[in-house]
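Colleague: Could you take a close look at the helical part near the start of the chain and walk me through what surrounds it? I would like one connected account rather than a list.

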Amino acid sequence: MIENKQKSILIRLGWWQRERFPVANVILVCLLYFSSAFSIRYMFKMERLLYLSNDLCNLLSCIIFFLLLRILDEHKDYKSDLIYFPKRVLQRGDISLSHLKLIGFFALLYLFGHAYLADYPYFSIIILLIYL
């Protein structure tokens, strides 16, 4: 049998994703985003209820924001999770905090870029300050 650390990093990250950021959470974020977007657009009698390109970028930002929160929480709780949850993927050593830092960096880069390109320069500065 192949040892866990010899398996592909994508497989090991998939284990972490299933354990700590399940698809059900992503579906919930999607439902919350679209229900709030549609409600506000309906209340203000906007022309359309769906702006596909904007909504997809904003939805991706919401998902990535919650992924970034999960990654930051993994860093915060790492030592206590070693004691109380030693069988988790991160605590077993299948992936490392460095892997999560790299994912967090790219997540933050996307959020920063999206905020900047969406003409929210102050928001992008706030995101940058939070990460530092």
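Modeller: What follows goes through the helices and the aromatic residues of this model, which is a predicted one.

Helix H1 runs over residues 9-20 and has 12 residues. From its first C-alpha to its last it reaches 16 Å, close to the 16 Å expected at 1.5 Å a residue. At its N-terminal end H1 is capped by Ser-8, with a side-chain oxygen 3.2 Å from the backbone nitrogen of Leu-10. The buried residues in H1 are Arg-12, Leu-13, Gly-14, Trp-15, Trp-16 and Arg-20, and what covers them includes helix H3 (52-76), helix H5 (89-92) and helix H6 (97-117).

One of these residues, Arg-20, deserves a separate word. Arg-20 counts as buried because its relative accessibility is 15%, which falls under the 20% cut-off. Its side chain is joined to that of Glu-74 by a polar contact of 2.6 Å. Leaving aside residues up to four places away in sequence, Arg-20 touches Arg-70, Asp-73, Glu-74 and Arg-88. Arg-88, in turn, places its charged end over the ring of Phe-85, 3.9 Å from the centre of that ring.

The next helix is H2, residues 23-43. Its 21 residues should span 30 Å at 1.5 Å a residue, and its end C-alpha atoms are 30 Å apart, so expectation and model agree. Within H2, Val-29, Tyr-33, Ala-37 and Arg-41 are buried. These four lie on the same side of H2, because they cover an arc of only 80° around the axis. The face turned away from that buried side carries the exposed residues Ala-24, Leu-31, Leu-32, Tyr-42 and Met-43. What covers the buried residues of H2 includes H3, a helix that also belongs to the cover of the buried residues of H1. Just after H2, Lys-45 takes a positive phi of about 50°.

Aromatic residues are the next topic, and the structure holds 4 aromatic pairs. Phe-34 and Phe-38 form one that is tilted, with 5.7 Å from centre to centre and 40° between the planes. The two residues are 4 apart in H2, and therefore separated by about one helical turn. Phe-34 is partly exposed, with a relative accessible area of 21%, and Phe-38 is also partly exposed, with a value of 31%. Another pair is formed by Phe-65 and Phe-66, whose ring centres are 5.6 Å apart; their planes stand at 75°, so the pair is edge-to-face. Phe-65 counts as partly exposed at 41% relative accessibility, and Phe-66 is partly exposed with a relative accessible area of 39%. Phe-34 and Phe-38 also belong, together with Tyr-33, to one aromatic cluster, and Tyr-33 is among the buried residues of H2.

Finally, Lys-79 lies in helix H4, residues 78-84. Lys-79 is exposed, with a relative accessible area of 68%. The C-alpha atoms of Lys-79 and Gln-91 are separated by 8.9 Å, although the two residues are 12 apart along the chain.

How values were computed: Residues numbered from 1 in each chain as written. Predicted model: local features only at pLDDT ≥ 70, side-chain atom pairs only at ≥ 80, totals over all residues. Heavy atoms only, no water. Expected span 1.5 Å × (residues − 1). Buried < 20%, exposed > 50% of the residue type's maximum accessible area, 1.4 Å probe, protein only. Contact = heavy atoms within 4.5 Å. Polar contact = N/O pair within 3.5 Å; in protein donor to acceptor, adjacent residues only side chain to side chain. Phe/Tyr/Trp six-rings, centres within 6.5 Å; stacked < 30°, edge-to-face > 60°. Lys NZ or Arg CZ within 6 Å of the ring centre and 35° of its normal. Arc of directions from axis to C-beta.
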